[in-house]
Amino acid sequence: VPKAGRYAVVVEYAATGAGPEIAVELVAKSQRNDAAAIRTTFKRVGTGGYDRFKVFPAGEVEIPAGGEWVLTVRSADGAAPLINLHAVRLVSVVAPF
């Protein structure tokens with residue numbers, strides 16, 4: 001992550017149907033402590049098949065410092081997420097004037 005700030009989390013995936021919530025978690029590489037994770041969750045939406053990728057907003061996160069971060073995508077409640085994950089992007093959110 002280049003610098004501290006607010007980032008939109010954008011996820012591109014494919015799935016056969018709707019399902020449990022999925023979590024996107026970020027932990028500073030120097031910490032590697034799940035208790036310190038910055039987390040956002042989103043509800044899985046079906047895309048029409050495991051080969052039909054779509055892009056979805058997954059919330060926003062506030063990252064306190066630039067540097068190396070470990071990003072993890074997992075089930076938010078322990079249920080199998082059953083998605084074909086293609087990409088996760090962090091997009092800087094610019095505050096309005």
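**Entry 1: Gly5**

By contact I mean heavy atoms within 4.5 Å. I am working on a predicted model, and I started at Gly5. With that cut-off, and skipping residues up to four places away in sequence, I found Gly5 touching Val61, Glu62 and Ile63. I placed Gly5 in strand β1. Is Gly5 buried or exposed? Its relative accessible area is 17%, so I put it down as buried, the limit being under 20%. I also checked Gly5 against Ala23: the two are 18 residues apart in sequence and 20 Å apart in space, C-alpha to C-alpha.

**Entry 2: Salt bridges**

How many salt bridges are there? I got 6. Glu62, already on my page as a contact of Gly5, forms one of them with Arg6, with the closest N and O atoms 3.2 Å apart. Glu62 sits in strand β4 (residues 49-63) and Arg6 in strand β1 (residues 5-15), so this pair ties together parts that are 56 residues apart in sequence. I noted Glu62 as partly exposed, at a relative accessible area of 45%. Arg6 also counts as partly exposed, at 35%.

Next I looked at Arg89 and Glu12, whose side chains meet in a salt bridge at 3.6 Å, N to O. Arg89 lies in strand β6 (residues 84-92) and Glu12 in strand β1, so here the parts tied together are 77 residues apart in sequence. How accessible is Arg89? I read a relative accessible area of 40%, which makes Arg89 partly exposed. Glu12 came out at 15% relative accessibility and counts as buried.

Then I turned to Lys29 and Glu68, with a salt bridge of 3.1 Å between their side chains, N to O. This pair links distant parts of the chain, with Lys29 in the loop between β2 and β3, Glu68 in the loop between β4 and β5, and the two positions 39 residues apart. Lys29 is partly exposed at 48%, whereas Glu68 counts as exposed at 56%. Which residues are joined into one network by salt bridges that share partners? I listed Arg6, Glu60 and Glu62.

**Entry 3: Ala28**

Glu68 came up again when I looked at Ala28. Leaving aside neighbours within four places in sequence, I have Ala28 in contact with Glu68 and Trp69. I found Ala28 in strand β2 (residues 21-28). Ala28 counts as buried because its relative accessibility is 13%. How far is Ala28 from Thr47 in space? The C-alpha to C-alpha distance is 32 Å, for residues that are 19 apart in sequence.

**Entry 4: The sheet with β2**

I followed β2 into its sheet. This is an open sheet of 3 strands in the order β3-β2-β5, and the pairing is antiparallel. Which strands stand at the edges? I noted β3 and β5, each with a single partner strand, so one side of each is left without a neighbour in the sheet. The twist averages 20° from one strand to the next. I counted 6 bridges in the antiparallel pairing of β2 and β3. For Leu26, the bridge partner in β3 is Ile38.

**Entry 5: The core and Phe42**

In soluble globular proteins, nonpolar side chains tend to be buried together. I went looking for the largest nonpolar core here and found 16 residues in it. Which of them touch the most other members? Val11, Phe42 and Val61 do. The elements giving two or more residues to this core are β1, β2, β3 and β4. β1 gives the most, with 5 residues.

Phe42 got a closer look. Not counting residues up to four places away in sequence, I have Phe42 touching Val11, Tyr13, Pro20, Glu21, Ile22, Val24, Pro57 and Ala58.

**Entry 6: Aromatics**

I found 2 aromatic pairs in the structure. Why is the pair of Tyr13 and Phe42 called tilted? The ring planes meet at 35°, with the centres 6.0 Å apart, and tilted covers angles that are neither under 30 degrees nor over 60, so the label fits. Tyr13 is in strand β1 and Phe42 in strand β3, so the pair ties together parts that are 29 residues apart in sequence. I have both Tyr13 and Phe42 down as buried. My last note is that Tyr13, Phe42 and Phe56 form one aromatic cluster.

Technical notes. Residues are numbered from 1 along each chain as its sequence is written. This is a predicted model: local features need pLDDT of at least 70, side-chain atom pairs count only at pLDDT 80 or more; totals for chains, interfaces and linings use all residues. Side-chain values use heavy atoms; hydrogens and water are left out. Helices (H or I, at least four residues) and strands (E, at least two) are DSSP runs, numbered from the N terminus. Buried means under 20% relative accessible area, exposed over 50%, partly exposed in between (1.4 Å probe, protein chains only). A salt bridge is a side-chain nitrogen of Lys or Arg within 4 Å of a carboxyl oxygen of Asp or Glu. Two strands pair if DSSP finds at least two bridges between them. Axes are lines fitted to C-alpha atoms, for helices over the stretch in contact, and angles run from 0 to 180 degrees between N-to-C directions. A nonpolar core is a set of buried Ala, Val, Leu, Ile, Met, Phe, Trp, Tyr and Cys residues joined through side-chain atoms within 4.5 Å. Rings of Phe, Tyr and Trp (its six-membered ring) pair if their centres lie within 6.5 Å; planes under 30 degrees apart count as stacked, over 60 as edge-to-face and the rest as tilted.
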